[in-house]
Amino acid sequence: MSEFLNENPDILEENQLPTRKEDNAKDLLLGGFSDETTLKRRRLLLKIDHSPGSQVLQDIELLDKLLSIRTPPELTSDEDSLQEESEEKYIEVQKNEEEKADLIDSQEIYDSIAHISDPEHPLSLGQLSVVNLEDIEVHDSGNQDEMGEVVIRITPTITHCSLATLIGLGIRVRLERSLPPRFRITILLKKGTHDSENQVNKQLNDKERVAAACENEQLLGVVSKMLVTCK
Amino acid sequence: MTPDQLNSAIVTFMANLNIDDSKANESATVVTESIVHRSIKLLEVVVALKEHFLSENEIERKKALTCLSTILAKTPKDHLSKNECSVIFQFYQSKFEDSALVKEVLEGFAALAPMKFISINEITQLLRLLLDNYQQGQHLASTRLLPFKILKEIFDRFFLNVSSIEQVKRINDLFIETFLHIANGEKDPKNLLLSFELNQSITSNLQNVENFKEDLFDVLFCYFPITFKPPKHDPYKISNQDLKTALRTAITATPLFTEDAYSNLLDKLTASSPVVKNDTLLTLLECVRKFGGSSILENWKILWNALKFEIMQNNDGTENNLLNPYVKDQSNDDIDQYTNSEACLKIVNLMGSQLYNFDKFVFEKFITHILDELKPNFKYEKDLKQTCQILSAIGSGDLEIFNLIISSVFPLFLTNTSETAKLKLLILNLSFFFNSYIDLFGKISESSAERSVPNNKLAEYKDEIIMILSMALTSSSKSEVTVRTLSVIQFTKMIKMKDFLTQEEVSLIIQYFTETILTDNNKNIYYACLEGLKTISVIYENLVFEISLTKLLNLLPDYFDENIRVNDEENIQIETILKIILDFTTSRHILVKESIISLATKLNTVAKVSKSKEYCFLLISTIYSLFNNNQNNNVLKEEDALGLKQAIEPKLTQIITQESVIRDDNYNLTLLSNVLFFINLKTSQDVHQEELDKYNKFFISEGNVRILEAPNLLIIPYVKVLSALKKTCVFPQKSTVIVKTIHLLRIYGPKMIETEKVGYLELLLVLSNKFVPEEDVIKLLDWEDLSSTNLEVMVWMTKGLVMQNSPKSSEMAKHFIDFLSNEEIGSFVAKLFEIFVVDISSLKKIKGINWNNNVKILYKQKFFSDIFQTLVDNYKTTVNMAVKCNYLTALSLVLKHTPSQLVGPFINDLFPLLLQALDMPDSEVRVSALETLKDTTDKHHNLITEHISTIVPLLLSLVLPQKYNNVNVRLIALQLLEMITTVVPLNYCLTYQDDIVNGLVPVLSDKKRIVRKQCIDTRQVYFELGQIPFE
């Protein structure tokens, strides 16, 4: 690894990576408020003053709190008598939440793998365009009982990149740790980007070989180092 | 003092020496005092010690001599006569042969040397003795220190205040030789500091240094570059830096060292270690500074060649560094902080100006040589950055040099180009010359009464520079972020340059910035422009107001979905404009005031349009933030507030009372009422009484509002205004008002709109806090009525007392705690406990204001400690689960608002409750318990480690989506799991590794992305637990 194979790849700045733009504000606004206007107002506020600690926002939160304090608290001491009602409510709550469920999409996959470090450059896979948002496919119905699939096509920085398998392994380890088990993960080289495309593809998706690689302490150490920069 | 007393003092001294040194010291002082009072003579002491001096026992001899030396050291310098000095001196001289006593003898000499009546003969003998008979290598560091001290005393006594030139001449050479002898091979840092200091004293004060310069230099330079790591408990507190600086000062003390210093230092410059290099460069810098022009005359070529190499090799300070608008100004004069390249440049700069002042002809040669060597770089575009750095560094030396450099360099590279890469380089390189302008002529300041900037060559290129920069900013494509940002940064720098730009040019730049900030979404450019506008506002606030702010304000449309156009850009959002206004007006008086007035006027128009709730909300929030952000820095003064009151209050009151987009929107109504609060808070207290009467008439007694007759939303502005006015105002109707309010709440309570109700309750709070006397408030409380409305009424009124730390409040808190055990109302009261400690923004403690309400800073702490123990005890004694739950709920809601440092002392009692609270059927209680647990985890590692076996399973149950595990609960539980690995020892964590990694698998399918994200992070930490890092 001492000798860089590709010294001068094109590099994206960290802030040029594709992101989920509209959600920036949402992350700052936690908490389950059911009221749409509240949420909308808060989003507006964050647009003019981008900090969750601003006084206006605090005042608005205070107002919401004072207005909601009257909602009678739910008691569970007497579970039996309340069972029926609470279950009904729970279903309702669930329904409510189901509407707001965030599905796993390609941006989410991208976010979790784009920050993996390249094994030979001090840069991330996203910055080197090894992984690209448009090369990630997600097939998922959102149904917990159905299989989902993620297909990722990676672009090595040069066609004879000897580390393509290592990069693929890193991505696979990251995704296996971060996706629910119902997902099948397929990692391929983008067509025409590598000299031994078929061989590498085979190796990347061979369960036995991946499992064997993960038994290797040293290899796992290298992978861990790649994953340190994940955000 | 009798001989007996003397003897006993001596015995005491010797007995206590090295055992109780303070006691030994005491008895030495006693003896010295008798000597000073002439009741005994020093010689008598010697005689009294005689027995001991002759003892066979080495230790006894040492102690005896120490005794004499100690007494001698305490004796005033002019006390001993010439004769006495001589006798004592000879006595010590005779003892020098006793090899066991060297240290003590030296101590004695060190005490004798500064004596007034010691003769030059004796000093000569002393120096000889040291030179011939003292072997520095055979002694410990503490002994070796003494000769240095002696020399220093001699130096101070004879050389510093030359008493007789004849005398000094006699010992001059001997002194230097002796110094060289004792300094040779020294290794102890403390001694070295003295050695360096003496060396410096010698080279700068003594004669004949010329003859010894090589030796004197060698005894210094053999230590270079000095490194020293202080031991842990170093009593002398000598740092590496002290030694470095002392050595550097000594090396640069005399121009006699010039030859040796330059050749040796340049030799060291080839070192690979950056630290050594830095030390070398800083020393070189000092040399150039101190040795002056004549030294550079002969050496500039070798210096230049070495430095050129250094600078050209150097590649730090990449463009990212320059792109950051927050990089601090580089007028950093602290010499120890120069980086290597900065130091190189500084040396080149000094060389230039020293030569220039010393000999213009040689300077000419110097500059021509450099220009000839560097000019080809422009042609081949090689090392341009470094080249410009060098040239601008030389240029900042003097006006004439500056002009020379500019006129020979600018024609070489200042040509407009459409090639982005070239343009970027061009702008980057310009910045170095701007810096050199600032170095030479200074920065612009508000009071520009200082000397004006003379004509200079850079001014001739001004138009061209402005043209290139504005082209770069306005004509390059949006994606050229770097070029555009650079151009903004250079514009900003030009603004800072004293007397460089005219008002018109500044106006033009303001206009560019305003347009760019509006139309560009890139964060870097946004902040660069913002920084630029702020910088300009410091000097040209009026210009910024006229050109930028007015434009921004005028852009605001009357309708929310109207298109805003700037140049060819459409779709500029109202939010963007408001954000810019908020961001750049901060702490600028005119800008803030004018923005508030204009926005309020705009609000008045917008509010009259239907469906403008959102737009109004934005405007109101902006006005509110303008007030709030500029609260503490005293930007808005009393007279401004009065102006604002007259200008906008009527407009605001009008829309509050008449427009439904304001009145019927909770947020708009509350925030706008808070704006009224700020206006009144800022006005002079003299008008408060008048205002109070006015508002009372308007809202209560006259007109058609009458908020006390029937529920009315306008209670909210009334309450906010009331909280702003000073508490000493006369409020004659206060008792009627409070009674009527309670009455109103009791009658209409359940039917009121929530917002109205909160308003009336807040009125009760304000009244009980600052207008109605405590006893009256207590009388009004009806503890029998357990209706929810009455409970609320009582809680809010009690809050008024709690906030002023009233002595009655703890008693009343007990009442409420009793209610918690009531199965019917307990759970509701538990919820109400949060009211006691929740912060109402209009009743917050505001810095510098204590006249508007009675809020004590520590009221929460007092309240918490009032209720804590009772709640915990009650919790433990009760068996009813529902009631237990009430106690916990109340406690955790109060905890939520209590600063965590106040909770610390209670944590051991609290902890078990916290864990149980995690099981409570209420998500808010769980969140609050988790938050407290997070603080606890941070501060009480042992506590967490002890309970890890309980905590982990609990947390694992909280991360799953269940009824009371809302997003917040799940998220914090996951964060807490992650945090545990940082505070709990690894061997404890490892036990749970598998449980947690597996237990979190279902969470990977959580509905909320933010929860999944945290889950991935948490799992990752556990995957890597205990893994040996790969290197």
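**Legends to close-up views of chains A and B**

**View 1. The annotated segment of chain A.** For residues 107-181 of chain A, UniProt lists "domain: MIP18 family-like", an annotation that comes from an unreviewed entry. In this predicted model, the chain over residues 107-181 of chain A is 29% helix and 15% strand, and the C-alpha atoms at the two ends of that segment are 19 Å apart.

**View 2. The helices of chain B and their overall spread.** Chain B is made up, as far as secondary structure goes, of 51 helices and zero strands. Its radius of gyration of 41 Å is well over the 31 Å that the globule rule gives for 1031 residues, so chain B is more spread out than a compact globule. Taken along the principal axes, the box filled by the C-alpha atoms of chain B is roughly 110 × 85 × 70 Å.

**View 3. Packing within chain B.** Of the 1031 residues of chain B, 44% count as buried. When contacts in chain B between residues at least 6 apart in sequence are considered, 76% of them join residues at least 24 apart.

**View 4. The side of chain B that touches chain A.** Across the interface, 51 residues of chain B are in contact with 50 residues of chain A. Several helices of chain B each supply at least two residues of this side, among them α28 (574-585), α33 (666-682), α43 (881-896) and α51 (1009-1023), while α30(B) gives the most, with eight residues. By residue class, the side of chain B that touches chain A divides into 23 nonpolar, 15 polar and 13 charged residues.

Terms used: Residues numbered from 1 in each chain as written. Chains lettered and ligands numbered in written order. Predicted model: local features only at pLDDT ≥ 70, side-chain atom pairs only at ≥ 80, totals over all residues. Contact = placed C-beta atoms within 7 Å. Helix = DSSP H or I, 4+ residues; strand = E, 2+ residues; numbered from the N terminus. Nonpolar A, V, L, I, M, F, W, Y, C, P; charged D, E, K, R; others polar. UniProt positions renumbered as here; feature names shortened; annotations may be inferred. Rg over C-alpha atoms; globule rule 2.2 N^0.38 Å. Buried ≥ 20, exposed ≤ 12 C-beta atoms within 10 Å, placed from the backbone.
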